[in-house]
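Colleague: Got a minute to walk me through this model? I'd like to know what to look at.

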Amino acid sequence: MDVAEADPEVRAIVLRGAGRAFSAGFDLDMGEDRGDAGPVDFVRRELRKDLDVILRFWDSPKPTVAAVHRYCLGSAMEMAVACDVTVAAEGCRFGAPEVRFGSGIVALILPWVIGPKQAKELLLTGDDQVPAERALALGLVNRVVPEAECFDTAFSLAREIAVNDRIAVALTKQGINRSLEIDRKSTRL
């Protein structure tokens, strides 16, 4: 992300998984190597790192497009949601099984994207079998395409975005994100 964001020639960023799936998410086992930190401080530090990774896509000044295939679970789903546009392959499965393991999602962007009722159902049940077509109906993804076309479709969308005025695209992305932040703040009043 640092390299892509610093390169003026890069006008959009495409995120995809390498291998048999997009990603199964972050490791739920935070291990025993805590250094000098106590358990609470260690977990807080690890969750902060996870949050920072997810928010890199949300906060990036450049548009981000996710190309998701096979499985997109837990924090990987949060990264895909944090991207500006998400393309899913047919047969892909989304989900957030963390509550089954005594954990929870990190960024909580999902309720602002698909609505609180749908997010609660998905997150509180720990559902990890949400098909791509349902993800599309929920607004979790923008398009569902055959798996062989997933990356090419995402890259094509990134190219469509990249030919537009760089400043207008950045300001539009920033404006949409800030409107969500304002809405979040006003609902706490």
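Modeller: Sure, let's go through the pocket, a helix, an aromatic pair and two backbone oddities.
Modeller: This is a predicted model, so local features need pLDDT of at least 70 and side-chain atom pairs count only at pLDDT 80 or more, while totals for chains, interfaces and linings use all residues. Residues are numbered from 1 along each chain as its sequence is written, and side-chain values use heavy atoms, with hydrogens and water left out.

Colleague: How much space lies in the largest pocket?
Modeller: About 400 Å³. A pocket here is an open set of points on a 1 Å grid over the protein atoms alone, where a 1.4 Å probe fits, with protein on both sides within 12 Å along at least five of seven lines. The volume is the space filled by probe spheres set on those points.

Colleague: Which residues are closest to its centre?
Modeller: Cys83, Asp84, Val85, Asn142 and Ile176, out of 19 lining residues. Lining means having an atom within 4 Å of a point.

Colleague: And which helix gives the largest share of that lining?
Modeller: α8, with five residues. Helices are DSSP runs of H or I with at least four residues, strands are E runs of at least two, and both are numbered from the N terminus. α3 (75–82), β4 (85–89) and α8 (166–187) each supply at least two lining residues.

Colleague: Switching topic: how far does helix α2 reach?
Modeller: α2 (residues 39–59) spans 29 Å from first C-alpha to last, close to the 30 Å expected at 1.5 Å a residue for its 21 residues. The expected span is 1.5 Å times one less than the number of residues.

Colleague: Which of its residues are buried?
Modeller: In α2, the buried ones are Phe42, Glu46, Asp50, Leu51, Ile54, Phe57 and Trp58. Buried is under 20% relative accessible area, exposed over 50%, partly exposed in between (1.4 Å probe, protein chains only).

Colleague: How many aromatic pairs are there?
Modeller: One. Phe151 and Phe155 have ring centres 5.7 Å apart and planes at 35°, so the pair is tilted. Rings of Phe, Tyr and Trp (its six-membered ring) pair if their centres lie within 6.5 Å; planes under 30 degrees apart are stacked, over 60 edge-to-face, the rest tilted. Both residues sit in helix α7 (residues 150–162), four residues apart.

Colleague: Which backbone angle is odd at Arg70?
Modeller: Its phi is positive, about 60°, although Arg70 is not a glycine. Arg70 is in the loop between β2 (64–68) and β3 (71–73). Leu108 also has a positive phi, about 55°, and is not a glycine.
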